[in-house]
2 protein chains.
Amino acid sequence: MAEGRTGISGENLLFLTDEQLRQGIEAMFFAYRGFTADPDRILSELAYGRAHHRAIHFINRAPGTTVNNLLDILGVTKQSLNRVLRTLIEDGLVESRVGQADKRERHLFLTEQGKALEQRLSDAQRTRMRAAYRDAGPEAVAGFRMVLEAMMDAEMQQTYTRLKETGI
Amino acid sequence: MAEGRTGISGENLLFLTDEQLRQGIEAMFFAYRGFTADPDRILSELAYGRAHHRAIHFINRAPGTTVNNLLDILGVTKQSLNRVLRTLIEDGLVESRVGQADKRERHLFLTEQGKALEQRLSDAQRTRMRAAYRDAGPEAVAGFRMVLEAMMDAEMQQTYTRLKETGI
DNA sequence: CTTGGAATGTCAACAAGGCTGACGTAAACT
DNA sequence: AGTTTACGTCAGCCTTGTTGACATTCCAAG
């Protein structure tokens, strides 16, 4: 390769070494544990799991969403989601309303009680996130977001962006 | 508060709004799916799961590690780890040697076959990671790492750093 | 030297939450 | 009328987490 003194394509690509990548992989592994630790503690008190948290989060995020839409977002099977939704509905945290335009659809909403738990969970998660963001600073956060987005599949990126921009 | 025109403590803290935090949370959720997607595909061919991947990764990372040490790193119960280790040993991917100094300890090593699978898994994961890193650029990567580290518990941070620096 | 406690690892049984496959119902579409 | 779509459910499986009981080994105090 007839390149400059940095070796490859005129840029310093040392951040792409296997060692750097492995550190990133391990950081991702440990950080995700931290990311879920606080909500997990709250959930275990209530005999719920992460699956319940995810459902609650996205129903809060897109109230009136249909089951199918939620399936797309969560990327699980309907049997799996259904089990979780059933308990949430039985426990009065989620309300399921038959669609007006299309009566096959069920639109999902959080009840007051559901909103209360959502608040509690997301407060816990945001508190840690906020501390991490503050420690790292705004530029680090921008980089953090860029790498995470680049790590998603095309489909997830679409879902993520749609959710971010329109809330649907 | 008698601060500058940005309102709080002279810095622009718009990156700490709840909306920004929620986007970060969702990015983390979707990115982690991407992060595990490629190894998951390989593992499902072999009737293994993520737990096997984690064990293989860290045994490769710290050959000769004891079960207890691995438990600390992985943050699961020993019974849970043991089941995974047992299948890996039965399948000839991991070797367990009784400790010389302390015969209660078992020291874990990857066999050739185990190393081969580790390579296959980490190649898949690194490929995606490398693409994400390259897309985002070195500064973004530095920020990514900073935020992830700030998101860990103190204990995990210690483990992570120790592993990063000494490999033990 | 013995003995009791601590440390290390194994086995058994259970629960959560993924998965597939099959089936039923109601509504919408063509 | 016939097909497709949206949703719910039953049955059964697997992975991976949990707790409890148990065997082995080490070490230190008596």
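Biologist: Which residues of α3(B) are buried?

Modeller: In this predicted model, the buried residues of α3(B) are N69(B), L70(B), L71(B), I73(B) and L74(B).

Biologist: And what covers the buried residues of α3(B)?

Modeller: The cover includes a helix of the other chain, α1 (18-45) of chain A, together with several elements of chain B, among them α2 (50-61), β1 (65-66) and α4. From chain B, β3 (106-110) and α7 (154-166) also belong to that cover. Just after α3(B) comes G75(B), which takes a positive phi of about 70°.

Biologist: Switching to the two chains, what rotation superposes chain B on chain A?

Modeller: A rotation of 180° does so, with 0.0 Å of shift along its axis, and the RMSD of that superposition is 0.2 Å. That is the relation of a two-fold axis. In chain B, the C-alpha nearest the axis belongs to F144(B), and it lies 1.8 Å from that axis. The same surface serves both copies, given that 100% of the contact residues of chain B recur in chain A.

Biologist: Now the DNA: how many residues surround strand C, and which are the closest?

Modeller: DNA strand C is surrounded by 26 residues, and the closest are R54(A) and R83(A) from chain A, with N68(B), K78(B) and N82(B) from chain B. By class, the surface near DNA strand C has twelve charged, ten polar and four nonpolar residues.

Biologist: Which elements supply that surface?

Modeller: At least two residues each come from α2 (50-61) and α4 (78-90) of chain A, and likewise from α3 (67-74) and α4 (78-90) of chain B. The largest share of the surface near DNA strand C is that of α4(B), with five residues.

Biologist: What part of strand C lies within 4 Å of the protein, in terms of sugar or phosphate and bases?

Modeller: Of the strand C atoms within 4 Å of the protein, 55% belong to sugar or phosphate, and the rest belong to bases.

Biologist: Which atom of R54(A) lies 2.4 Å from a phosphate oxygen there?

Modeller: For R54(A), it is a polar side-chain atom that lies 2.4 Å from a phosphate oxygen of DNA strand C. With T77(A), a backbone N or O atom lies 2.6 Å from a phosphate oxygen of that strand. A polar backbone atom of A101(A) is 3.0 Å from a phosphate oxygen of DNA strand C.

Biologist: OK, and strand D, how many residues surround that one?

Modeller: DNA strand D has 24 residues around it, and the closest are K78(A) and R104(A), along with R50(B), Q79(B) and R83(B). Sugar and phosphate account for 60% of the strand D atoms that come within 4 Å of the protein. The residues of the surface near DNA strand D divide into eleven charged, nine polar and four nonpolar.

Biologist: Which side chains have an N or O atom 2.6 Å from a base oxygen of strand D?

Modeller: The side chain of K78(A) places an N or O atom 2.6 Å from a base oxygen of DNA strand D, and the side chain of Q79(B) likewise has an N or O atom 2.6 Å from a base oxygen of this strand. The elements giving two or more residues to the surface near DNA strand D are α3 (67-74) and α4 of chain A, together with α2 and α4 of chain B. From R54(B), a polar side-chain atom lies 2.8 Å from a phosphate oxygen of DNA strand D.

Biologist: Last thing, what is the mean pLDDT of chain A?

Modeller: The mean is 91, and 93% of the residues of chain A reach 70 or more. Among the elements of chain A, helix α6 (residues 138-151) has the highest mean pLDDT, 97, and helix α7 (residues 154-166) the lowest, 91.

How values were computed. Residues are numbered from 1 along each chain as its sequence is written. Chains are lettered from A and ligands numbered from 1 in the order in which they are written. This is a predicted model: local features need pLDDT of at least 70, side-chain atom pairs count only at pLDDT 80 or more; totals for chains, interfaces and linings use all residues. Side-chain values use heavy atoms; hydrogens and water are left out. Copies are superposed by least squares on the C-alpha atoms of residues with pLDDT of at least 70 in both. Contact means heavy atoms within 4.5 Å. A residue is near a molecule or strand if one of its heavy atoms lies within 4 Å of it. A polar contact is a pair of N or O atoms within 3.5 Å; within protein, one must be able to donate a hydrogen and the other to accept it, and residues adjacent in sequence count only if both atoms are side-chain atoms. Helices (H or I, at least four residues) and strands (E, at least two) are DSSP runs, numbered from the N terminus. Ala, Val, Leu, Ile, Met, Phe, Trp, Tyr, Cys and Pro count as nonpolar, Asp, Glu, Lys and Arg as charged, and the others, Gly among them, as polar. Buried means under 20% relative accessible area, exposed over 50%, partly exposed in between (1.4 Å probe, protein chains only). pLDDT is the predictor's confidence in each residue, from 0 to 100.
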